[in-house]
Amino acid sequence: MMKTEKAIAKDEPVSAALENGAPGVAGLSAKKYERELAKLHVELVKLQQWVVHSGAKVCILFEGRDGAGKGGTIKAITERVSPRVFRVVALPSPTDREKTQMYVQRYLPHLPAAGEIVIFDRSWYNRAGVERVMGFCTKSQAKAFLKAVPLVERAIIDSGVILIKYWLEVSEAEQTRRLQARIHDERKIWKLSKLDLDSYSHWYDYSRARDDMFAQTDTDYAPWFVADSNNSRRVRLNIISHLLKSIPYKALPRAKITLPKRQKPQGYREPERAVRSVPTVF
């Protein structure tokens with residue numbers, strides 16, 4: 001887990017900040033958070049350009065309990081980059097046909113091609129977590145998955161994919177607070193499913209499942225990185241900082257950009273015709 005050891009000076013370049021760890025976040029205000037996030041967004045754009053230019057393939061997994069902050073962290077990563085390069089995958093429940101396939105089969109088509117960064121909002125590790133805890137697979141199926149997945153990830157990495165796995169760790173109290181907030185916020189109620197409610201009471205079953213998952217799938221070539229997600233702003237900055245440090249990207253040279261002159265109207269006039277306008281309400 002990354003630790004915050006040094007605050008970033010106001011004008012310190014992000015490249016230097018990455019060498020020194022994540023930005024200082026003690027008493028992190030919204031203003032400071034936005035300032036540090038903007039610096040990291042600049043680096044993510046540089047990463048994007050490098051990935052496209054080099055043909056790199058990057059796959060990032062986000063796992064954690066309900067309410068751990070996976071969605072918010074992914075949004076912080078992707079809000080200033082191209083969705084054609086940074087592709088988010090959040091698969092629904094498997095279809096009847098997919099249930100008959102090799103378990104990881106439905107995930108493999110979503111792996112990145114050259115010049116892509118794929119972010120899984122939950123991944124094949126569903127079998128190690130929710131499927132195991134909620135009885136959607138048998139104990140033997142969960143055991144077989146944990147035995148097989150390091151081999152699958154070895155094959156993914158051997159194919160040239162940079163694979164990074166994040167687990168967002170949230171406390172019992174903070175998870176309760178966030179799930180309760182979803183109940184009372186009409187903007188967030190869609191995030192709270194029946195499965196979330198059913199899973200809520202299985203805290204220690206999930207803890208045991210997490211521990212088994214780490215024990216069997218935290219390998220030298222595909223390690224787990226655990227981030228304390230009790231502070232939403234902190235975890236976003238920490239993970240983006242860590243992500244940037246984990247990929248050997250370089251800033252590419254860019255030509256100076258100037259806007260060209262616009263053409264002259266050459267007699268063009270806006271037509272006088274009725275159009276359907278958006279009402280001015282605000």
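Where is the place of Q266 in relation to helix 10? I will come back to that residue after the overall picture, and I should say at once that what we have on the screen is a predicted model.

Let me begin with the chain as a whole, which has 10 helices and five strands, and whose C-alpha trace spans about 75 × 50 × 40 Å along its principal axes. Of the 282 residues in the chain, 43% are buried, and the accessible surface comes to about 17300 Å², with 54% of that area belonging to carbon and sulfur atoms. If we take the contacts between residues at least 6 apart in sequence, 77% of them join residues at least 24 apart. As for charge, there are 48 positive and 32 negative side chains, and the centres of these two sets lie 6 Å apart.

Now to the interior. The largest nonpolar core has 34 residues, and the members that touch the most other members are L44, L47, F62 and F86. Two or more residues of this core are given by each of helix 2 (30-54), strand 1 (57-64), helix 3 (70-78), strand 3 (116-121), strand 4 (161-169) and helix 10 (232-246), and the largest share, seven residues, comes from helix 2. F62 deserves a closer look, since, leaving aside residues up to four places away in sequence, its contacts include K70, T73, I74 and I77, together with I119, F120, D121 and R122, and also Y166, L168 and I239. There is also a second, separate core, of 25 residues, which includes Y107, W124, L163 and W224.

That leaves the backbone, where two residues call for comment. Most residues other than glycine have a negative phi. R122, which we have just met as a contact of F62, has a positive phi near 75° without being a glycine; this residue is placed in the loop between strand 3 and helix 5 (130-133), and R122 counts as partly exposed because its relative accessibility is 24%, whereas buried would require under 20%.

The other is Q266, likewise not a glycine, with a positive phi of about 50°. To answer the opening question, Q266 lies in the segment after helix 10. Buried or exposed, then, at a relative accessible area of 72%? Q266 is exposed, because that value falls in the range over 50%.

Note on methods: Residues are numbered from 1 along each chain as its sequence is written. This is a predicted model: local features need pLDDT of at least 70, side-chain atom pairs count only at pLDDT 80 or more; totals for chains, interfaces and linings use all residues. Side-chain values use heavy atoms; hydrogens and water are left out. A nonpolar core is a set of buried Ala, Val, Leu, Ile, Met, Phe, Trp, Tyr and Cys residues joined through side-chain atoms within 4.5 Å. Buried means under 20% relative accessible area, exposed over 50%, partly exposed in between (1.4 Å probe, protein chains only). Helices (H or I, at least four residues) and strands (E, at least two) are DSSP runs, numbered from the N terminus. Contact means heavy atoms within 4.5 Å. Accessible areas come from the Shrake-Rupley method with a 1.4 Å probe; for residues, only the protein chains shown count as cover. Lys and Arg count as positive and Asp and Glu as negative; His and the chain ends are not counted. The place of a charge is taken as NZ of Lys, CZ of Arg, CG of Asp or CD of Glu.
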